[in-house]
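Me: I am new to this structure and should be grateful for a close look at a single part of it. Please take one strand as the starting point and then follow its surroundings outward.

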Amino acid sequence: MAGAAAAIATATATAAATAEVVIEVKNLHTRFGSHVVHNDISFEVRRAEIFALIGGSGSGKSTLLRELILLQKPSSGTVRVLGADLQALGADEAVALRRRWGVMFQHGGLFGALDVLHNVGLPLREHTALDDGLIDQLAGWKLAMTGLAPEVGALYPAALSGGMMKRASLARALALDPELLFLDEPTAGLDPVSAGGVDALVLQLRALFGLTIVMITHDLDLLWQVADRVAVLADGRLQAVGSMPELAALDPPAVRPYFEGARGRAVRAARPADPADPDHPAKPDREPTSKPK
Amino acid sequence: MIAPLTDPADLAPPTADGMVLSGRWTVAGLGAIGPRLAAAELPAGSAAVADASRITGLDSAGAWLLHTLLQRLGQAGHPAQLQGLPQQFNALLATVAQAFEQRASQAPPSAKPGATLLQRTGAGVVDAALQGVALLSFVGECAVAAAGCLAHPRRIRWRPILFNIRSAGVDALPIVGLLAFLLGVVVAYQSADQLRQYGANVFIADIVGLSMLREFAPLITAIIVAGRSGSAYAAQIGTMVVTEEVDALHTLGIPPLDLLVLPKLVALVIALPLLTVFADLLGVAGGLLMAQAQLGVGPHEFMARFVKAVSATAFLVGIGKAPVFAVVIVVVGCFQGFRTHGGADSVGRQTTRSVVQSIFGVIVVDALFSVVFSALDL
């Protein structure tokens, strides 16, 4: 991972230099009938940033994610992703935009009628002129990248374990080399070893491709060690946005359980206490310099 | 298809100095460069060098192709050298090289040889036989569960029974009524010409009455219900299997057959004969209407002949078949539902099977009834 770390520095330095905003959400409101899910939410995600959304069950995280990936429309407010206003998007532009991001669904969303290799190769087959042999090789590589054995490619999704399903889904999300990756609960239901593998994988992906990653997660390890910034949703509002050490210092009530529970204490004890710790691996807005190659 | 870019991936014809690569080597920019890369050869004696300084974009697909090219152009284990690749792409190319090494160290998964016609036929026969055995054992399990319920009437679940009578019976009234009426019209219409030739107009009551009551009403009702409710049974149970709801029932100590199959069975055994009576009525009504319109046989005349021509036996024979059809539809629908495994795909397949097999079953049973009834002179 040494090379990867150097590459993070390059990637993050470019991000800091241009400070390009990849996702911009402004005054977003979502209502289902009289039930208010989002009440005036605004935030930004910058390029090559790893951004996490947290909040209790029913706090509207998944709805927010669905609104970011064009599966659902907010009641009001603007959402700009990769420079495009999602509200004012034509059908062709929507298709073009959708190719620039990858989504890993919580339950995989793999197609039961196709084996894993074809699931991963599907976006390539659908959207590019590459020949079948190359697509299969690329799909095999993406599978290997997510830590799946080559034999898994021939299996059907019904035969996969939960962890394998997530990895295969991630491989499919990566098929078109997206600029933006959405992960819904990437480590939920995984054993600690696999979950640790996901941590490393997310960092490696950003290092290699300069990916911007938006994820919903409750995994404290992922939050502390991988996420650059964390947004806390509760009561329909964005309670706080910041790195975990910053949130720990701010201590908003909605975040407290993440620090005060027995699990939170354990993770926190393992982490450096200083909120402004420069050693924190990923903070593109703070990383002072890049390592020249 | 991704729109072509202004600067797609390109390679200049190789010269003695090597080859020059340019453009965007990304999924959008690669386009149809594959065959040209495969055909590219360095002239003999030239340096195995590729100049990449004009590559403006590189993603994993591009890096993969690039690496493949370098490997192929190089000699005996030494890949061709790449010069001037913009440095932000180095990490990606190194990762590809690593992936290539890993792939080489792993034996490629051996492809299974395709089955021959004989093998496939054999497997098909074995599958069909196994399915037959499974169906028999399912019937047995249902019988045991039904006997258990009869022995302990408190185990009988009345609410699902009533719910199923409504969904499979009452809700099916409009479609069953409409189709039976139309069938009556068609039978009368087709017979009218023949009868008119012989001046036997009034026998329209015999034809419509006997054919509707004995055959058409029970059969059309059963076929509609098989398509309507049989498919619903298979889809419901299949989805429950996929979402582990059936497993949950097992662990909660609720026998799935008690909850999912027996109520449907009881409900349809009650509802299908009643639907058949309804279809009888509307079918005869359709015939009566056409008798008036085509043959000038009035309602009074029609009914007077109908009473003489159609015995109670004909009516009972038709109604008596309905419960048997009901059992066929429920057993096949539920059986196929429980055989679902995997995901959405399998639910669809099992649902189709349940409809095809239950209609098949209904018609076969009807044919058997015809043989038995004619042997018994009914």
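The reply below begins with one strand of chain A and then moves outward.

Reply: The model is predicted, and strand β7 of chain A, residues 180–184, is a suitable place to begin. This strand is mostly covered, with 5 of its 5 residues buried. In a regular strand, side chains alternate between the two faces of the sheet. In β7(A), A:Leu180, A:Phe182 and A:Asp184 point one way, while A:Leu181 and A:Leu183 point the other way, and all are buried.

Two strands pair with β7(A). Strand β6 of chain A, residues 101–104, pairs with β7(A) in the parallel sense over 4 bridges. Strand β8 of chain A, residues 212–216, also runs parallel to β7(A), to which 5 bridges join it. A:Leu183 can be followed across both pairings: A:Met104 stands opposite A:Leu183, and A:Leu183 in turn stands opposite A:Met215 in β8(A).

From the strand one may pass to the core. A:Phe182, which points the same way from β7(A) as A:Leu180 and A:Asp184, belongs to the largest nonpolar core, a set of 97 residues. Together with A:Ile213, A:Leu223, A:Ala227 and A:Val230, A:Phe182 touches the most other members of that core. In soluble globular proteins, nonpolar side chains tend to be buried together. The greatest contribution to this core comes from chain B, where helix α3, residues 60–73, gives 8 residues. A second, separate core holds 65 residues, among them B:Ala234, B:Met240, B:Leu262 and B:Leu268.

A:Val230 illustrates how parts of chain A meet. Apart from neighbours within four places in sequence, A:Val230 is in contact with A:Ala52, A:Ile54, A:Leu223, A:Gly242, A:Ser243, A:Met244 and A:Leu247.

Chain A also has an open sheet of 4 strands, in the order β2-β1-β4-β5 and with antiparallel pairing. Its edge strands, β2 (35–46) and β5 (84–85), each pair on one side only. Within this sheet, 5 bridges join β1, residues 21–32, to β4, residues 76–81. One bridge partnership there is that of A:Lys26 with A:Thr78 in β4(A).

In contrast to the buried residues of β7(A), A:Leu71 counts as exposed because A:Leu71 has 11 C-beta neighbours inside 10 Å. A:Leu71 is placed in the loop between α2 (61–68) and β4 of chain A. The C-alpha atoms of A:Leu71 and A:Val198 are separated by 25 Å, and the two residues lie 127 residues apart along the chain.

The two chains meet through 28 residues of chain A and 25 residues of chain B. On the side of chain A, the elements giving two or more residues are α1 (2–18), α4 (116–127), α5 (132–145) and α7 (192–209). The largest share, 5 residues, comes from α5(A). This side of chain A comprises 17 nonpolar, 6 polar and 5 charged residues.

Finally, chain B offers a packed pair of helices. The axes of α7(B), residues 173–198, and α8(B), residues 204–242, come within 10 Å and cross at roughly 145 degrees. The crossing of α7(B) past α8(B) is right-handed. The residues that meet include B:Leu179, B:Leu183 and B:Val187 from α7(B), and B:Ile207, B:Met212 and B:Phe216 from α8(B). The residues of this contact divide into 17 nonpolar, 4 polar and no charged.

Methods: Residues are numbered from 1 along each chain as its sequence is written. Chains are lettered from A and ligands numbered from 1 in the order in which they are written. This is a predicted model: local features need pLDDT of at least 70, side-chain atom pairs count only at pLDDT 80 or more; totals for chains, interfaces and linings use all residues. Two strands pair if DSSP finds at least two bridges between them. A nonpolar core is a set of buried Ala, Val, Leu, Ile, Met, Phe, Trp, Tyr and Cys residues joined through C-beta atoms within 7 Å. A residue is buried if 20 or more other C-beta atoms lie within 10 Å of its own, exposed if 12 or fewer, and partly exposed in between; C-beta atoms are placed from the backbone. Two residues are in contact if their C-beta atoms, placed from the backbone, lie within 7 Å. Ala, Val, Leu, Ile, Met, Phe, Trp, Tyr, Cys and Pro count as nonpolar, Asp, Glu, Lys and Arg as charged, and the others, Gly among them, as polar. Axes are lines fitted to C-alpha atoms, for helices over the stretch in contact, and angles run from 0 to 180 degrees between N-to-C directions. A crossing is left-handed if the near helix is turned anticlockwise from the far one by less than a right angle, and right-handed if clockwise.
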